[in-house]
Amino acid sequence: MLGASLPNRCLLCHQGVARGQTGLCSACLDASLYQQPVCLGCGRGMMLQLKYCGSCQQSRPLPVVAPASYHQGLGPVISGIKYQGQMAALESLCRALVERFQELEALGLVSRPQALLPVPLHPDRLRERGFNQAWMIANRLSVILGIPLVDDCLVRTQHTLAQAGLDGKARRQNLKQAFELQQALPYPRVAIIDDVVTTGTTVSEIAAQIRVQAPDLQVWCLARAEAPGLLD
């Protein structure tokens, strides 16, 4: 009753949010989403929506499905989800991610995964934080799309340092052998779910553990923190 009586404000512009929406108003959400086609490999802006830019055609990295750049407005909102448990915008961002996936699926650039695999937290980190934001995102996506959520196969065996603030080399060293597949993953086509993809170190380490059983992998996240200048 208390929550229903409080004003529903946008986390970015602080103006009122329309009934049925939470966390972000339509104007701020729309302005924060990609305004141009982007490469699913590196996040580079492109003229036409293809799967990969010319550079990524050679290496063919894991395709990343994201509705927005972390650097174009949504950074504080997604950080709020992860570090302060501010979940007001989670529904809107998950639905934006679903719409982005459906657009790419309609273009034939990605296929519908058979399962959603959230990036796991180490038990100590889970106790500290109280929740796993990747699991919460995956759970909401599972409900919206009717795709099974698989959270009992992969575990995080090392309580690593936080990735924020580390460079690429330090990130790779930090996550080396940090994950372990403890039981069979019965789906060959899987989407790894996280809140943000930066260098891709986390999802690449997970892919190395599960690729034999799940050779068709993609990554879904609420936003991508691509390298500077790629969207200019």
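# Notebook: sheet, loops and a pocket

I began with burial over the whole chain: 47% of its 232 residues count as buried. The model is a predicted one, and I read every entry below with that in mind. I then looked up the secondary structure and found nine helices and six strands in the chain. For contacts with a separation of 6 or more, I noted that 70% are between residues 24 or more positions apart.

**Entry: the sheet**

I looked up the strand order next. Four strands make an open sheet, ordered β1-β6-β5-β2, with parallel pairing. The edge positions belong to β1 (64–65) and β2 (115–118); each has a single partner strand, so one side of each has no neighbour in the sheet. Against this sheet I found helix α4 (residues 70–84), which touches β5 and β6 and makes an angle of about 95° with the direction of β6. Helix α7 (residues 133–145) lies across β2, β5 and β6, and I noted an angle of about 130° to β5.

**Entry: strand pairs**

I went through the pairs one at a time. Strands β5 (residues 189–197) and β6 (residues 216–224) run parallel and are joined by eight bridges. Within this pair, I found valine 190 of β5 bridged to leucine 217 in β6, and valine 197 standing opposite arginine 224 in β6.

β2 pairs with β5 in the parallel sense, over four bridges. Here I looked up proline 118, whose bridge partner in β5 is isoleucine 193.

β1 pairs with β6, also in the parallel sense, over two bridges. Valine 64 stands opposite valine 219 in β6.

**Entry: burial in the strands**

How many residues of β6 are buried? I counted eight of the nine, so the strand is largely enclosed by the rest of the structure.

For β2 I checked which way the residues point. Ala115 and Leu117 point one way, Leu116 and Pro118 point the other way, and all are buried. In a regular strand, side chains alternate between the two faces of the sheet.

**Entry: glutamine 133**

I picked out glutamine 133, which lies in helix α7. Is glutamine 133 buried or exposed? Its relative accessible area is 4%, and the cut-off for buried is under 20%, so I entered glutamine 133 as buried. With neighbours within four places in sequence left aside, its contacts are Ile81, Lys82 and Asp195. Of these, I placed Ile81 and Lys82 in α4, residues 70–84, and Asp195 in β5, residues 189–197.

**Entry: the loop between α1 and α2**

I turned to the loop between α1 (2–5) and α2 (26–32), where histidine 14 has its place. Its phi is near 65°, a positive value in a residue other than glycine. Histidine 14 has 54% relative accessibility and counts as exposed, because the cut-off for that class is over 50%.

Arginine 9 is placed in the loop between α1 and α2 as well. At 46% relative accessibility, arginine 9 counts as partly exposed. I listed its contacts, leaving aside neighbours within four places in sequence: His14, Gln15, Gly16, Val17 and Gly23. I also took the spacing from arginine 9 to leucine 24, which is 7.5 Å from C-alpha to C-alpha for residues 15 apart in sequence.

**Entry: arginine 60**

I noted another positive phi, near 50°, at arginine 60, a residue other than glycine. Arginine 60 lies in the loop between α3 (54–59) and β1. Its relative accessibility is 49%, and it counts as partly exposed.

**Entry: the second largest pocket**

I looked up the second largest pocket last. About 260 Å³ of space lies in it. Which residues are closest to its centre? Out of 14 lining residues, I found Leu33, Ala96, Glu99, Arg100 and Glu103 closest. Both α2 and α5 (90–106) supply at least two residues of the lining. The largest share comes from α5, with six residues. By class, I entered the lining as six nonpolar, three polar and five charged residues.

How values were computed: Residues are numbered from 1 along each chain as its sequence is written. This is a predicted model: local features need pLDDT of at least 70, side-chain atom pairs count only at pLDDT 80 or more; totals for chains, interfaces and linings use all residues. Side-chain values use heavy atoms; hydrogens and water are left out. Two strands pair if DSSP finds at least two bridges between them. Contact means heavy atoms within 4.5 Å. Axes are lines fitted to C-alpha atoms, for helices over the stretch in contact, and angles run from 0 to 180 degrees between N-to-C directions. Buried means under 20% relative accessible area, exposed over 50%, partly exposed in between (1.4 Å probe, protein chains only). On a 1 Å grid over the protein atoms alone, a cavity is a set of points where a 1.4 Å probe fits but cannot get out, and a pocket is an open set with protein on both sides within 12 Å along at least five of seven lines; lining residues have an atom within 4 Å of a point. Grid points are joined across faces, edges and corners, and a volume is the space filled by probe spheres set on the points. Ala, Val, Leu, Ile, Met, Phe, Trp, Tyr, Cys and Pro count as nonpolar, Asp, Glu, Lys and Arg as charged, and the others, Gly among them, as polar.
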